[in-house]
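Here's a quick tour of a protein, put together for someone just starting out. Have a look at the structure below, then read on for what to spot in it.

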Amino acid sequence: MNQRPPVIRLYQGEVCADFFAGGGGTSTGIEMAIGRSPDVAINHDKQALAMHRRNHPTTEHIPTDVFEVDPVKATGGKPCAFAWFSPDCTFFSKASGGKPFRDPRKARRVRGLAWVVVKWAEAPEAVRPRVIFVENVEEFQKWGALGRNGRPDPLKQGRNFKRWVARLKKAGYQVEWRERRASDYGAPTSRKRLFVIARRDGKPIVWPVPTHGPKASRPHRTAAECIDFSLPVPSIFLTPEEAKAWGRQNGCGAPKRPLAEATLRRIARG
């Protein structure tokens, strides 16, 4: 029998927060789970918060660096039921390739954004989140120091992640993490992400059971059901000259540069 994950119920007076809030997708998920938008959304990017505000007008938006936020002021001194963190994954993701980071200082700064989770885990007891959610790429588990060459130092791989988890545990949290694929839960994408759950309320961490796939009750959804195939688009197999001619015939510009060979192969397989 499948075990259903426990619902996080907000007690009277509790608030919840969405960190690194973008367009509002995560907050929409929060709204579906608890019946309303999060109380607070934080991001230094004012344009991102402007879009978030359109999607979640009842949320208080704080346009500032996440490290500059005072947990007591952000929550209004109220107890925090849970906080969701989706730190920038740019300098962790394998999608960036194996090249050295152009700006190692920026890479170190962005890779260190997850330390804000610890700041909130160590916040005053009155506002410290009961539950913490963190979402990132799977490579986040390998978070460690960068070498002089601008690449992650293989000898220090995962050290920062282990220290980060240790700080959460020291703050009184039970911590677990899992890799999960979106397609196994009804989304028409095979994107895989790492999820970390930390909770200090004494309740168990229960991970949701996949609802789609070969071993589930429903088949995987496909991206095809989200695509309007009636729209005119150039074939990826056209030469640059053919693509330009296609663009002239259909009143739109051709791609500024051809797609990489590896990208074409992935698209063709899809």
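First, a term you'll need: a residue is called buried when its relative accessible area is under 20%. By that rule, Trp84 and Phe133 are both buried. Keep in mind that this is a predicted model. We'll start with the whole protein and then zoom in on its cores and rings.

**The big picture**
- The protein has eight helices and seven strands.
- Its C-alpha atoms fit a box of roughly 65 × 50 × 40 Å along the principal axes.
- Of the 270 residues, 37% are buried.
- Take the contacts between residues at least 6 apart in sequence: 63% of them join residues at least 24 apart.

**The surface and the charges**
- About 17000 Å² of the protein is exposed, and carbon and sulfur atoms supply 53% of that.
- There are 48 positive and 26 negative charges, and their mean positions are 4 Å apart.

**The nonpolar cores**
- The largest nonpolar core has 40 residues, and Phe19, Phe85, Val117, Ile132, Phe140 and Trp164 have the most contacts inside it.
- Elements giving two or more residues to this core include strand S1 (15–19), strand S4 (80–85), helix H5 (115–121) and helix H6 (159–170).
- H5 gives the largest share of this core, with five residues.
- Trp164 is worth clicking on: leaving aside neighbours within four places in sequence, Trp164 touches Ala114, Trp115, Val117, Val118, Val134, Phe140, Trp143 and Val196.
- There's also a second, separate core of 10 residues, with Cys16, Ala81, Trp84 and Phe133 among them.

**The aromatic pairs**
- The structure holds 13 aromatic pairs.
- Trp84 and Phe133 make a stacked pair, at 5.4 Å centre to centre with 25° between the planes.
- Trp84 sits in strand S4 and Phe133 in strand S5, so this pair ties together parts that are 49 residues apart in sequence.
- Phe140 and Phe161 have ring centres 5.5 Å apart and planes at 85°, so they count as an edge-to-face pair.
- Phe140 is in the loop between S5 and H6 while Phe161 is in helix H6, so their pair links parts 21 residues apart in sequence.
- Phe140 and Phe161 are both buried.
- Ring pairs also join Phe92, Trp115, Phe140, Trp143, Phe161, Trp164 and Trp177 into a cluster.

How values were computed:
Residues are numbered from 1 along each chain as its sequence is written. This is a predicted model: local features need pLDDT of at least 70, side-chain atom pairs count only at pLDDT 80 or more; totals for chains, interfaces and linings use all residues. Side-chain values use heavy atoms; hydrogens and water are left out. Helices (H or I, at least four residues) and strands (E, at least two) are DSSP runs, numbered from the N terminus. Buried means under 20% relative accessible area, exposed over 50%, partly exposed in between (1.4 Å probe, protein chains only). Contact means heavy atoms within 4.5 Å. Accessible areas come from the Shrake-Rupley method with a 1.4 Å probe; for residues, only the protein chains shown count as cover. Lys and Arg count as positive and Asp and Glu as negative; His and the chain ends are not counted. The place of a charge is taken as NZ of Lys, CZ of Arg, CG of Asp or CD of Glu. A nonpolar core is a set of buried Ala, Val, Leu, Ile, Met, Phe, Trp, Tyr and Cys residues joined through side-chain atoms within 4.5 Å. Rings of Phe, Tyr and Trp (its six-membered ring) pair if their centres lie within 6.5 Å; planes under 30 degrees apart count as stacked, over 60 as edge-to-face and the rest as tilted.
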